[in-house]
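Visitor: I am new to this structure and would be grateful for a close look at a single part of it. Please begin with one residue of the interior and set out its surroundings in a connected account.

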Amino acid sequence: MINVTFLEHLSAARSDAEFNRTAAGLAVLQVYDSIKNGGFDPFIHQDALQRVEADIGAVEGESNVRAALRTIVQMLPFWDSQGCVRVGRQATYTALMIYGQALGDEGEWSIAENVYALVGMDAELDGETWYSAEARLLMGRASRMCADWEASRIAYNRAYELGRVVGDQSICLRARIGDANNLWSRGDFPGATRLLNATARRAKRSCPDVLPRITLALAGVANAAGEYERAIHLAFGLLDSLDDSDELTYQALVDLAIFLTDYGLPPVAAAALRLVERAAPEPRIRRQAKLNLFFLAAQHEPEEAFTELRNELATDRLTIREQTQFALFSAQGLRRFSHFDAAHTAANRALELANRHELFQFVFETEAELREIASARSEKRAAAMPAPARSAHHGTRLSGATPGTYYRFTTGGKVPSRIRHIAKSLETMAAERFAATDLNLSSAL
Amino acid sequence: MQSLARVHAALDGDGTVDVVMDARDLLARLTTPRDACLVVDPALITPDDVANIASNIAEFPRAIIAYSSVTTAALESAVVLAQSTAARFVFRGTPNERSALERALLFAPDSELGPTLLAILNGSMSRLPTGLRERVATLFRNGDGPASPDALAAASKLSRRSLDRHLAEAGLVTARRLIDAARVTSAYRAITTSRTPLVRVATMLGYKAQRTLDSQLNIILHTTSGKLRVDPLPYAEAARRLARCLTVREPQPARGTLRPRRVADSGITTLKLVSDDNHTPPARRTASRDR
């Protein structure tokens with residue numbers, strides 16, 4: 001199963017970088033297969049691992065995939081290590097899951113799905129049920145990202161069952177959140193809300209740590225269903241209850257920014273994103289916040305702010321997915337400022353990246369953007385145009401849920417006092433973190 | 001630093017964290033008997049340090065949790081740790097790492113109960129095949145391992161049927177009972193010495209409610225979690241009761257005695273009065289039954 005997916009990717013690879021990355025992954029998994037079936041034999045496998053190391057060396061620098069593959073190679077010699085606990089196997093399963101997550105970060109969800117399926121099956125057959133449950137949980141998400149709804153449902157169900165076997169409520173409840181995300185990604189908002197509410201009741205009794213994730217998922221459903229104020233309230237209420245060190249804080253802030261943008265308050269959204277960009281401990285989250293800020297700049301801010309962010313991002317090291325987003329947002333901003341040739345070049349770059357890496361959602365969005373550019377060029381009205389009515393992209397959520405399609409403009413209408421309060425709280429939060437705040441929102445409201 | 005913060009968060013106020021800066025300091029502190037759980041990052045200690053730690057732990061037993069990254073340096077020490085101690089392992093890099101760490105800290109193995117139980121079961125254990133014996137011993141010593149009979153069979157490289165046969169030949173009861181007893185053993189310390197609410201202990205063990213945990217404890221230790229917390233059993237007594245539940249098959253209640261009997265004619269469920277029995281005519285056997 002693994003080989004077929006990898007071979008398909010290899011045959012479809014359109015660049016050396018992609019080919020090398022996939023080939024190195026395939027080589028590592030073949031050595032893993034051999035060690036799993038026959039045990040680690042230094043005479044056979046040491047050579048193979050050295051060859052694989054050379055393959056990994058060919059993967060383009062600083063890639064998470066490269067680091068993850070190196071980790072697997074380092075763990076494989078410990079596969080048969082004797083002891084009460086089979087640490088070598090557990091570490092290898094962990095390393096494989098890290099590889100899957102790195103593939104996901106690069107947007108290569110179909111390979112990630114297969115890697116998780118492999119770990120899930122092997123760990124279960126090996127009696128390592130907890131690792132199997134973890135792998136199934138991750139597989140559920142990877143399958144959802146591939147729009148393979150049935151596989152995702154089955155993976156989440158299995159994660160739930162295995163979570164019950166090992167007695168890990170966190171896995172069970174997260175599997176239910178995954179199920180709910182599947183439901184609302186396909187438009188079943190009432191079903192998702194019911195499932196999330198039932199899961200929240202269970203979490204209160206058994207595993208309160210998962211409650212914030214459920215709240216964030218509920219906010220996502222509310223936003224997708226057009227209940228923007230409820231979404232904002234849920235996400236902001238969640239921020240109040242989270243500790244600064246909690247990894248979910250920044251995820252909640254990024255999602256809150258999306259809800260605020262959808263509601264029509266991009267300046268407040270930008271404030272939330274600036275907080276994340278400056279304070280989030282994980283580079284991945286900081287980068288995503290910056291990209292979302294760039295999206296807002298492309299749609300709503302003056303050209304100077306847009307150009308400044310564009311120059312900053314151009315020198316940042318981005319994943320393939322992020323490079324595609326960057327090119328697309330650049331095209332949108334450049335069109336807005338009537339730089340049609342540059343916009344066309346950026347859109348073509350986004351289209352090329354999206355096609356090469358099978359990021360189909362971006363293919364559709366970029367094709368729409370190319371049409372917008374052609375239309376704006378012919379009508380010569382771009383300079384006076386506000387943000388596009390069918391703005392294709394709304395930033396990227398960190399919770400992995402499908403972005404909503406309910407963008408609303410900033411109309412200039414009066415903002416309800418409750419939302420105004422949230423905006424001011426965000427401003428205070430920013431002021432507390434940064435002595436000299438440049439996040440003056442009051443004027444924006 | 002991040003690991004330290006995670007351990008602190010996972011403890012959730014139940015206990016204090018004492019940071020030890022290097023292996024020498026750690027070894028010095030291990031020479032006193034204390035009821036403290038040791039959390040180590042194998043990447044920060046050498047295999048030689050691990051050997052020294054293991055010999056100290058043998059003298060002054062205490063629970064060990066290895067909170068490890070997946071690197072060669074960490075694995076070299078982790079392997080020695082797994083071979084020479086009853087450490088539980090949590091690897092960094094999975095989404096539910098925090099939950100795994102919480103469970104490892106709460107269900108850190110009791111340094112006396114497991115070994116005492118294994119000493120009582122020595123006769124039965126010696127009759128098990130090597131792989132299965134190692135897995136079962138790890139279950140009771142580390143409080144970690146396969147979570148279901150199928151997983152135990154898989155981890156021991158046996159079919160489920162062979163597993164049951166080997167257990168029966170060794171004089172042990174079912175694999176299911178073995179897993180349940182291991183679960184209770186791993187929770188013994190949390191029930192008797194922690195301040196974690198018993199409801200939480202039950203749910204973190206995978207039981208729906210405290211009542212379910214209590215019914216398990218009733219079968220295995222003949223007591224409830226509440227009683228255990230107030231008045232913990234001495235280790236020897238707890239181990240004796242665990243060993244009995246693992247080696248003696250309790251007589252099953254006769255079929256039908258727990259349920260009201262259904263009267264065949266009317267289909268109405270009813271209880272039979274003693275006085276009725278005196279007047280009930282003896283049932284006539286049918287010819288088909290005789291054959």
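**A residue of the core and its surroundings**

Guide: Outside its neighbours within four places in sequence, A:Ile232 is in contact with A:Leu256, A:Phe259, A:Leu260, A:Tyr263, A:Ile419 and A:Ile422; two residues are in contact if their C-beta atoms, placed from the backbone, lie within 7 Å. The model is a predicted one, in which local features need pLDDT of at least 70 and side-chain atom pairs count only at pLDDT 80 or more, while totals for chains, interfaces and linings use all residues. Residues are numbered from 1 along each chain as its sequence is written, chains are lettered from A, and ligands are numbered from 1, in the order in which they are written.

A:Ile232 belongs to the largest nonpolar core, which has 216 residues. Such a core is a set of buried Ala, Val, Leu, Ile, Met, Phe, Trp, Tyr and Cys residues joined through C-beta atoms within 7 Å. A residue is buried if 20 or more other C-beta atoms lie within 10 Å of its own, exposed if 12 or fewer, and partly exposed in between, with C-beta atoms placed from the backbone. The members that touch the most others are A:Ile72, A:Ile232, A:Ala235, A:Leu256, A:Ala272 and B:Ile65; A:Leu256 is also one of the contacts of A:Ile232.

The chain around this residue has 20 helices and zero strands; helices (H or I, at least four residues) and strands (E, at least two) are DSSP runs, numbered from the N terminus. Of the 445 residues of chain A, 53% count as buried. Among contacts in chain A with a separation of 6 or more, 59% join residues 24 or more positions apart.

One helix of chain A, H15 (residues 283-300), is mostly covered, with 14 of its 18 residues buried. By contrast, A:Asn197, in helix H10 (residues 189-206) of chain A, is exposed because 12 other C-beta atoms lie within 10 Å.

Helices H3 (residues 42-57) and H4 (residues 64-75) of chain A pack at an angle of about 175°, with their axes 10 Å apart. Axes are lines fitted to C-alpha atoms, for helices over the stretch in contact, and angles run from 0 to 180 degrees between N-to-C directions. H3(A) and H4(A) are therefore roughly antiparallel, the term for angles over 145 degrees. In this pairing, A:Leu49, A:Val52, A:Glu53 and A:Ile56 of H3(A) meet A:Arg66, A:Leu69, A:Arg70 and A:Val73 of H4(A).

Conventions: Angles under 35 degrees count as roughly parallel, over 145 as roughly antiparallel, 65 to 115 as roughly perpendicular and the rest as oblique.
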